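Biologist: Please show me the model, and then I will put some questions about its sheet, its helices and its ring pairs.

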Amino acid sequence: MTRLLTRRSVQFGLLLALLLTATWFSGADRPWLQRLQYLTFDTFNKIAPRASTDSVVIVDIDEDSLAALGQWPWPRDVMGKLVDELKALGASAIAFDIVFAEPDRTSPTLIADRLPDGDDAGIARKVLESMPDNDTVFAQSIKNAGNVVSGFVWANSGNEGKVPVTSRGMVISKPARITLMDHAPAAQHMVVNLQGIQESSAGNGSFSVSTDVDGIVRRVPLVVKFTPEGSDTSTLYPSLALEAMRVALGGKDSIQIMVAPQNSTMDLLKASLQVKIGPLRIPVNDDGQFWVYYTPEKKERYISAYKILTKSVDPTRIKDKIVMVGTSAEGLKDMRSSPLNLFVPGVEMHVNIIEQALQGKFISRPALVQGIEAVFIFVAGLLVIVLAPFVNLFFLFAFVIALMFGAFALSWHAYIDMGVLIDPVYPSLAVMVMFVLASLLSYLKAEFERREIRGAFGLYISQDVMKELTKNPDKLTLGGEIKPLTIMFTDIRNFTTIAEGMTPQVLIHTMNDFLTPMSDEVMKARGTIDKYMGDAMMAFWNAPLDVPDHERLAVKAALSMREVLVPINEKLKAQALAEGRNFYPLNCGIGINTGPVAVGNMGSRQRFAYSALGDAVNLASRLESQTKTYGVNILMGEATAKKCADFALMEMDYIRVKGKNEPVRIYTALGDDLIAGSTDFKTWQATHDAFLAAYRKGDFDTAAKHLKAARGMDTADRLGDYYMVFELRIADFQKTAPSQEWDGVYAATSK
């Protein structure tokens, strides 16, 4: 497979396929891609927001208004007074971002219906029934004003048989109607105002909005399609913002929608459809959606509703302006998210639309833009693929960075000067990915060619050594250096007995199952495996590269090797049972020692290996052999133990190994620093040390006493065999005292 990937034709074909895939994705509606694009567009909007105007104000049903006039909903006669006051103040249009779908429960006639029977109640009922209905009062105020726009909203269900009322409708060209019928957002249910309110209004529009994948409102439908459930007939309705503008401009003209004229090349970068209201021209997409170009939330445009009703507002703030009536009060569930604000009243979306239309300041993302992005990805990516094998990596990288800067500069220019949203992020990422892949494949080809030259040699040395030799070819000579290493030897106990019951194939699999995880633990601890010798392994730390705390890493590796023996034996046991043969658990002896050794390339000029030689290496090997004598898995020399004093160590003996004159103290590791810090272990360790001290003094009765106590503290029987060895020694010394020259040193008789 690697050889195949190094062929230039294969690399070109693979990269071209990936490039075509990346190009296709540029036009795909994928949530992750949309999030990337929206992040860019939102950043642009934050850096350069639209300048606000004072042509639209918001009459806000806020917390102050609720405190002054009582909880929502207010009686409809109060809403009628609000309309009367706004009309008197000279509002050019009054649009409600609220639906009055249910009859007012505070209407006199409805209160009369809930009164109990009786003479007193009958009098009250007659008085109430003679009073005008609140909804009728509200509808009459709307009719008298002549410039009120009511709203309706999508619903998931219900409201069957109720449809929005249109005052003038829309004039839509045939091509535009076909496009909108195919793509405009559709609803089967609508929540509409009471019939009297709808019919009294000068206009009626949808204030439904939908969020993008991240919950932010960036586009608002200016045209919606209503197809009642069970009906084949669809009707297009304008948005609340469009109706508010139409009424503000006199209310005589209809809203016209047509295919946007394309008189110049620049017109291709505009939205496909155009909404015309008197002198206003508003671009919309095929689906009737309008990109909102937000301005920062402006507190000055908000007027508390109670100030209108109490006549405590400056008339100039209302006169000749479009008034949007909405709510920002907590609990009224009309909070949205915009690119500039996490929480903003929903009425802000409609205000921003109206201001944009009056300013003629728009942003859009027409279909042609996606084609431009796709062309950029393909052309730039193809250039990178073609140039990668022949151009210096640094210059190619600089070229790609220049392309990315160019993409961002073009996108920013299009946003600021043309109001066109071009995504620079995904095309730049796609080109960068093509650069990385093309560079990797070129590197793979060059590396494979180098490997073929040094292939055979690389089979005999470790990867670390190979890396060192690659960096420093001068080291490819016989010889080495003296440096401190921590050396480890491992061996399987009773391997001959275990191997007798296995076929060669089973034996090989067993060895692989054992040596592989053992080797993994060495590698994880940054050790170097020197060699395998049948069932044994030699490894060392601190060469060929310096490794800080190599003593501790070696002991940690030994502890981990002891732990991984458990799942290894479970696996081997299951295999033995399945094959109908006896199971002998694997037990491993590990010897560790630290000291100065000669390390380097050793052998002959025909063949050599990177290895270590020295007294410290020999001692590590001897310690591994002595694990059988002392009945423990791990034995280490004193130099190693001193660097691991915070581990759970136990001194084992003072021993003179075979072939050495000087005795050494040896230790075993029972766990890491967590175990060493426990009170139980410290008590056990102190008792154990007291036993050894008495033993070496020749006070064997005291030694036996402390040994028994220490053995009782070994609840997991981790040193059971070890204590048995010393029980026998003490018993022998109690029968036959050692000579006066005895110094507590044990002389090993085997390697």
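Modeller: What follows is a set of questions and answers on this predicted model.

Biologist: In what order do the strands of the open four-stranded sheet stand?

Modeller: The sheet is open and its pairing is mixed. β4 and β11 pair in the parallel sense over three bridges, whereas β11 and β12 pair in the antiparallel sense over four bridges. Five bridges then join β12 to β13, again antiparallel. The order is β4-β11-β12-β13.

Biologist: Which strands stand at the edges of this sheet?

Modeller: An edge strand has a single partner strand, so one side of it is left without a neighbour in the sheet. That applies to β4 (170–172) and β13 (280–284).

Biologist: By what angle are neighbouring strands of this sheet turned against each other on average?

Modeller: The direction of the strands is ignored here. On that basis the average turn between neighbours is 25°.

Biologist: Which helix packs on the sheet?

Modeller: The helix spans residues 240–248 and touches β11, β12 (273–277) and β13. Its direction makes about 35° with that of β12. The helix is α11.

Biologist: Which residue in β12 stands opposite Gln256?

Modeller: Gln256 is in β11 and has Val171 opposite. Towards β12, the residue opposite Gln256 is Lys276.

Biologist: How many residues lie between β12 and β13 in their hairpin?

Modeller: Val275 stands opposite Ile282 in β13. In the turn, Gly278 has a positive phi of about 60°. The number of residues between the two strands is two.

Biologist: How many of the five residues of β12 are buried?

Modeller: Buried means under 20% relative accessible area. By that cut-off β12 is mostly covered, and the count of buried residues is four.

Biologist: Is Glu243 buried or exposed?

Modeller: Glu243 is in helix α11. Its contacts, leaving out residues up to four places away in sequence, are Val149, Ser167, Gly203, Asn204, Gly205, Pro238 and Ile255. The relative accessibility of Glu243 is 3%, so Glu243 counts as buried.

Biologist: Which members of the largest nonpolar core touch the most other members?

Modeller: That core has 45 residues. The residues asked for are Met245, Ile257, Ile282 and Met324.

Biologist: How many residues are in the other core?

Modeller: This core lies apart from the largest one. Among its members are Ile498, Met502, Ala525 and Leu565. The number of residues is 37.

Biologist: In which strand is Asp60, and what is its relative accessibility?

Modeller: Asp60 is in strand β1 (residues 56–61). Beyond four places in sequence, Asp60 touches Ser65, Tyr302, Ile303, Ser304, Ala305, Gly326, Thr327 and Ser328. Asp60 counts as buried because its relative accessibility is 4%.

Biologist: How far does helix α5 reach from its first C-alpha to its last?

Modeller: α5 (residues 76–88) has 13 residues, and its reach is close to the span expected at 1.5 Å a residue. Its buried residues are Arg76, Met79, Gly80, Leu82, Val83, Glu85 and Leu86. After the helix comes Gly90, with a positive phi near 95°. The reach of α5 is 18 Å.

Biologist: How many aromatic pairs are there?

Modeller: Ring centres must lie within 6.5 Å to pair. By this rule the count is 32.

Biologist: How many residues apart in sequence are the parts tied together by Phe44 and Trp412?

Modeller: The pair is edge-to-face, at 5.2 Å centre to centre and with 75° between the planes. Phe44 is buried at a relative accessible area of 8%, and Trp412 is partly exposed at 31%. Phe44 lies in helix α3 (residues 31–47) and Trp412 in helix α15 (residues 393–418), so the parts tied together are 368 residues apart.

Biologist: What is the angle between the planes of Phe700 and Trp742?

Modeller: Phe700 lies in helix α25 (residues 700–713), and Trp742 is in the loop between α26 (720–735) and β27 (746–747). Both rings belong to a cluster that also includes Tyr630, Phe691 and Tyr746. The pair is tilted, with 5.7 Å centre to centre and an angle between the planes of 50°.

Methods:
Residues numbered from 1 in each chain as written. Predicted model: local features only at pLDDT ≥ 70, side-chain atom pairs only at ≥ 80, totals over all residues. Heavy atoms only, no water. Buried < 20%, exposed > 50% of the residue type's maximum accessible area, 1.4 Å probe, protein only. Contact = heavy atoms within 4.5 Å. Expected span 1.5 Å × (residues − 1). Core = buried A, V, L, I, M, F, W, Y, C linked by side-chain atoms within 4.5 Å. Pairing = 2+ DSSP bridges. Axes fitted to C-alpha atoms, helices over the stretch in contact; angles between N-to-C directions. Phe/Tyr/Trp six-rings, centres within 6.5 Å; stacked < 30°, edge-to-face > 60°.
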